[in-house]
Amino acid sequence: MDAVVHIGENLKRARFRAGLTQQELADKAGTTQTTVARIERDAVEPEVTTIRKLAAALDVRIVELLDD
């Protein structure tokens, strides 16, 4: 059974620490504001490539987004 990845709260915290809006993070990560909002609400499970882009845009390690 595959584990479901929910990074919403960690993503939101990291975004707030970086002082970014959802739109600013989306622009830096090459995605859309809607995607960022849906991930933050845990409405979707992000692709690994999206998690990598978000982590890079926030200048955090991927594990910081994945940790419980």
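The paragraphs below go through the nonpolar core, one helix that packs against it, the charged pairs and two loop residues of this predicted model. Because the model is predicted, local features need pLDDT of at least 70 and side-chain atom pairs count only at pLDDT 80 or more, whereas totals for chains, interfaces and linings use all residues. Residues are numbered from 1 along each chain as its sequence is written, and side-chain values use heavy atoms, with hydrogens and water left out.

The largest nonpolar core has 16 residues, where a nonpolar core is a set of buried Ala, Val, Leu, Ile, Met, Phe, Trp, Tyr and Cys residues joined through side-chain atoms within 4.5 Å. Buried here means under 20% relative accessible area, exposed means over 50%, and partly exposed lies in between, with a 1.4 Å probe and protein chains only. Within this core, L11, L25, L54, L58 and L65 touch the most other members. At least two residues of the core come from each of α1 (8-18), α2 (22-29), α3 (33-40) and α4 (48-58), and α4 gives the most, with 5 residues. These helices (H or I, at least four residues) are DSSP runs numbered from the N terminus, as strands (E, at least two) would be. Leaving aside residues up to four places away in sequence, L54 touches L11, L25, A29, V36, I39 and L65, contact being defined as heavy atoms within 4.5 Å.

Helix α3 shows how one element is set into these surroundings. Its residues V36, A37, I39 and E40 are buried, and, seen down the axis of α3, the buried residues fall within an arc of 165°, so they line one face of the helix; the arc is that of the directions from the helix axis to the C-beta atoms. The buried residues of α3 pack against α1, α2 and α4.

One of these residues, E40, carries a charged side chain pairing as well as a polar one. E40 counts as buried, at 5% relative accessibility, and, not counting residues up to four places away in sequence, E40 touches G8, E9, L11, K12, R15 and Q22. The side chains of R15 and E40 meet in a salt bridge (2.5 Å, N to O), a term that requires a side-chain nitrogen of Lys or Arg within 4 Å of a carboxyl oxygen of Asp or Glu. This pair links distant parts of the chain, since R15 is in helix α1 and E40 in helix α3, 25 residues apart; R15 also counts as buried, at 7% relative accessibility. The side chain of E40 additionally makes a polar contact with that of Q22 (2.8 Å), meaning a pair of N or O atoms within 3.5 Å, of which, within protein, one must be able to donate a hydrogen and the other to accept it, with residues adjacent in sequence counted only if both atoms are side-chain atoms.

The count comes to 2 salt bridges. In the one between E64 and R61, the side chains meet at 3.8 Å, N to O; E64 is partly exposed at 34% relative accessibility, and R61 is exposed at 57%.

Turning to the backbone, most residues other than glycine have a negative phi. D42, in the loop between α3 and α4, has a positive phi of about 60° although it is not a glycine, and D42 is partly exposed, with a relative accessible area of 29%. D59, in the loop between α4 and α5 (62-66), has a positive phi of about 55°, and D59 counts as exposed at 72% relative accessibility.
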